Amino acid sequence: MLLSESLLSQRSIKRDPRGFLREEYNRLVSEELDWRIRTLTTNSGPWSVISDRRVLVLCSNNYLNLTNHPLVKKAAIDAIEKYGAGSGSVRAIAGTMSPHVQLEKALADYKRTEASLAYSTGFAANAGLIPQLAGEGDLIISDELNHGSIIDGVRLSRAERAVYKHSDAEDLGRVLNEAEKKNYKHILIATDGVFSMDGDIAPADRIVKQAEEHGAMTYIDDAHGDGVLGESGRGITSHFHIEGRVDVEMGTFSKAFGVVGGYVAGSRDLINYALNKSRTWLLSASHPASVMASCQASLEVVQKEPEHLRKLWNNTRYFKDGLKKLGFNTGSSETPITPVMVGDSSKARRMSEMLFSENVFALPIVYPMVARDKARIRTIMNAGHCSQDLDYALKAFEKVGKSLGII
Ligand SMILES: Cc1ncc(COP(=O)(O)O)c(C=O)c1O
């Protein structure tokens, strides 16, 4: 065959290169599993404006309302004046400015670890570091309900994988005993600290004990424990009094600290290793100095103004009790994340829309984020809510819950 004929026959292949995009989207829409994005036209606060409607926000991770704290905002404005809008590089080349280093020092002091390292996001920390901590000949053991960013980090690793039953330290022990029969070089145990869909807390004290007995490394994602659990919101290690016993404390500034950016905290050896090995750190631009300055201001506020944390927990208790008294099933939540279990995803969606008509913004969480029959409305408290706000929300939940036959 002539070269030109062969090219022609290749071109006649009937392959639709893009059709799957619409097909898959249409499938998600028909199963009511697509995301319908709401746009805020104000700041993220206890109340925000969305679609010209002023709504009570119950689905933001802005636990302490620090996105709106004057010192946190001012730190960013001042840093932009001094350092400009962007960093111009990755951290390893020319993108490390004084605020990056200062934040890492302040964070290590706050977390009571030797050192810390800032990543662009929590997702980037998990996806970049986990595959470097365990590779061929190693084993990673995960809680079955770990966050997607841990799951993706594990997928990028060449290590073998095992899963233990959700929050079940005994089952973890079983997996570790099984692992002793093989000759793994390293074993890494990875878990969320607070589970983001259910609001329950991992038994980190028992996990650490198991890890110590078996010579395994522990990796705890404290994204929802940061600023929320323990003394001054120091997180899960403070909550369980296990400071210094978790090998990798990973977290984010995007939730209770009200800004954005991931981190890991631990020994100096860990940080030296992480910054030389994590591709998401080495090959991705650093945050502008303004972000680092805001994060540092947040850490200061959390420690100097305990009233935000107190308010968050008072609100949490009040709202959770109110939901339970109304007859809602709030699952196994122990934290400001309180799911309102609905079951069916279409019903959860309808509930969210009806709440929105009542000026309450609370989103449905559906498959694949949770099992197909475990759809829910996930509510998250904000320290900026007052008791009238919470009563307002509870009234709306009561009205909508009754009309949908949930209570
Ligand atoms: C448990 C957990 N880990 C990691 C992340 C990712 O954090 P970030 O928003 O900083 O990427 C999230 C955010 O959804 C989370 O809930």
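Q: In which sense, left-handed or right-handed, does α7 pass α8 in their crossing?
A: This is a predicted model, in which local features need pLDDT of at least 70, side-chain atom pairs count only at pLDDT 80 or more, and totals for chains, interfaces and linings use all residues. Residues are numbered from 1 along each chain as its sequence is written. A crossing is left-handed if the near helix is turned anticlockwise from the far one by less than a right angle, and right-handed if clockwise. For α7 and α8, helices being DSSP runs of H or I with at least four residues, numbered from the N terminus, the crossing is right-handed.

Q: At what angle do helix α7 and helix α8 pack?
A: Helix α7 covers residues 169–180 and helix α8 residues 204–214, with their axes, which are lines fitted to C-alpha atoms over the stretch in contact, 10 Å apart. Angles run from 0 to 180 degrees between N-to-C directions, and those under 35 degrees count as roughly parallel. The two helices are therefore roughly parallel to each other, packing at an angle of about 15°.

Q: Which residues in α8 are met by Ala169, Leu172, Gly173, Leu176 and Glu180 in α7?
A: Two residues are in contact if their C-beta atoms, placed from the backbone, lie within 7 Å. The α7 residues named meet, in α8, Arg206, Ile207, Gln210 and His214.

Q: Which residue in β2 stands opposite valine 49?
A: β1 and strand β2 (residues 53–57) pair in the antiparallel sense over four bridges, where pairing requires that DSSP finds at least two bridges between the strands, and strands are E runs of at least two residues. Opposite valine 49 stands arginine 54.

Terms used
Angles under 35 degrees count as roughly parallel, over 145 as roughly antiparallel, 65 to 115 as roughly perpendicular and the rest as oblique.
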